[in-house]
Amino acid sequence: MHSLAGKTAIVTGASGGIGAAIAKELAKEGANVVLAARREEQLKAVAKEINSTNQGQALAVPTDIANESEVKELAKRANEAFGSIDIYVNNAGQMLSATVRNREVEQWERMIDVNIKGVLYGIDSVLPGMVERSSGHIINIASVSGFEATKKSTVYSATKFAVRAISTGLEKELARTGVRVTNISPGMVDTRLSSSMTDRKKLEAEDIAKAVVYAVKQPEYVNVNEITVRPV
């Protein structure tokens with residue numbers, strides 16, 4: 001397993017929950033982390049916590065990943081600060097209980113904009129540089145909801161099915177380029193998004209962060225394509 005010292009990672013949705021945990025775990029491994037999210041105060045607090053340790057450096061860049069120009073600016077800031085982007089973690093997401101039958105169109109659109117378009121904008125912002133260097137790693141955080149929909153998760157599940165499809169197709173597109181793709185599908189994780197669901201055993205955000213570290217620390221000839229993490 002190779003070292004992450006000196007590598008640079010962008011982590012979206014990093015103001016709390018899974019994203020913050022991923023950023024902290026990558027920094028523990030020596031990576032520089034660029035944190036992206038809309039909640040600026042929380043984002044800066046996570047960066048300050050990371051920078052208070054003697055590990056990787058952290059840079060907070062407030063970003064709405066549903067806005068293509070802001071995502072391009074995020075990648076630009078990361079390159080200016082650290083020289084290159086080695087890892088991009090598409091973690092930011094919206095989980096809204098929006099059914100088709102109830103015609104909750106605004107919530108459909110927000111999930112599609114963040115969970116699908118935001119993922120594609122992020123990939124597009126870093127992929128040319130990765131392909132040019134024949135090195136890089138795209139991590140897409142999907143969900144077990146991307147395997148099966150429930151009556152309350154039709155649109156959310158559709159977006160996570162899409163993330164899995166993006167991951168699968170992109171891995172085939174990038175075969176032999178040196179750029180790796182990993183899709184991680186968590187079960188229920190104890191975060192702000194799942195706070196209303198109190199009747200189920202949940203994973204911790206750190207469990208998903210460790211899965212990310214496992215994937216990115218593999219030898220460069222090893223591509224861990226799919227990880228599913230569920231609570232017991």
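Reader: Let's jump straight in: which residue in S7 is the bridge partner of Pro 186?

Author: First, you're looking at a predicted model, where local features need pLDDT of at least 70, side-chain atom pairs count only at pLDDT 80 or more, and totals for chains, interfaces and linings use all residues. Residues are numbered from 1 along each chain as its sequence is written, and side-chain values use heavy atoms, with hydrogens and water left out. Strands and helices here are DSSP runs numbered from the N terminus (strands are E, at least two residues; helices are H or I, at least four). In S7, Pro 186 is partnered by Val 229.

Reader: How many bridges join strand S6 to S7?

Author: Two strands count as a pair if DSSP finds at least two bridges between them. Strand S6 covers residues 179-186 and runs parallel to S7. The number of bridges joining S6 to S7 is four.

Reader: Along S7, which side chains point to one face and are buried?

Author: The side chains of S7 alternate along the strand. Buried means under 20% relative accessible area, exposed means over 50%, and partly exposed is in between (1.4 Å probe, protein chains only). Glu 226 and Thr 228 point to one face and are not buried, whereas the buried ones on the other face are Ile 227 and Val 229.

Reader: What order do the seven strands of the open sheet have?

Author: Strands of a sheet pair through backbone hydrogen bonds, either parallel or antiparallel. In this open sheet the pairing is parallel. Reading across its seven strands, the order is S3-S2-S1-S4-S5-S6-S7.

Reader: Which strands stand at the edges?

Author: An edge strand here has a single partner strand, so one of its sides is left without a neighbour in the sheet. That is the situation for residues 58-62 and for residues 226-229. These two edge strands are S3 and S7.

Reader: By how many degrees are neighbouring strands of this sheet turned against each other on average?

Author: The axes are lines fitted to C-alpha atoms (for helices over the stretch in contact), and angles run from 0 to 180 degrees between N-to-C directions. For this average, though, direction is ignored. Neighbouring strands come out turned by 15 degrees.

Reader: Over at the S3 end, which residue of S3 is the bridge partner of Ala 36?

Author: Strand S2 spans residues 32-37, and pairs with S3 in the parallel sense over five bridges. The S3 partner of Ala 36 is Val 61.

Reader: How many residues of S1 are buried?

Author: Both faces of S1 are covered. Thr 8, Ile 10 and Thr 12 are buried on one side, with Ala 9 and Val 11 buried on the other. S1 is mostly covered, and of its five residues the buried ones number five.

Reader: Which residue in S4 does Ile 10 stand opposite?

Author: S1 has S2 as a parallel neighbour, joined by five bridges, and Thr 8 stands opposite Asn 32 there. S1 and S4 also pair in the parallel sense, over three bridges. In S4, the residue opposite Ile 10 is Tyr 88.

Reader: Which helix makes a β-α-β unit with S1 and S2?

Author: The unit is right-handed. That label applies if, with the strands pointing away from the viewer, the path from the first strand over the helix to the second runs clockwise. The helix covers residues 17-28 and is H1.

Reader: At about how many degrees to S3 does helix H3 run?

Author: Helix H3, residues 68-82, lies across S1 (8-12), S2, S3 and S4 (87-90). Its angle to S3 is about 160 degrees.

Reader: What is the relative accessible area of Thr 159?

Author: Thr 159 sits in helix H5, residues 154-173. Contact means heavy atoms within 4.5 Å; leaving aside neighbours within four places in sequence, Thr 159 is in contact with Met 111, Ile 112, Asn 115 and Ile 116. Thr 159 counts as buried, with a relative accessible area of 1%.

Reader: Is Arg 103 buried or exposed?

Author: Arg 103 lies in the loop between S4 and helix H4 (105-133). Its phi is near 60 degrees, a positive value in a residue other than glycine. With a relative accessible area of 67%, Arg 103 is exposed.
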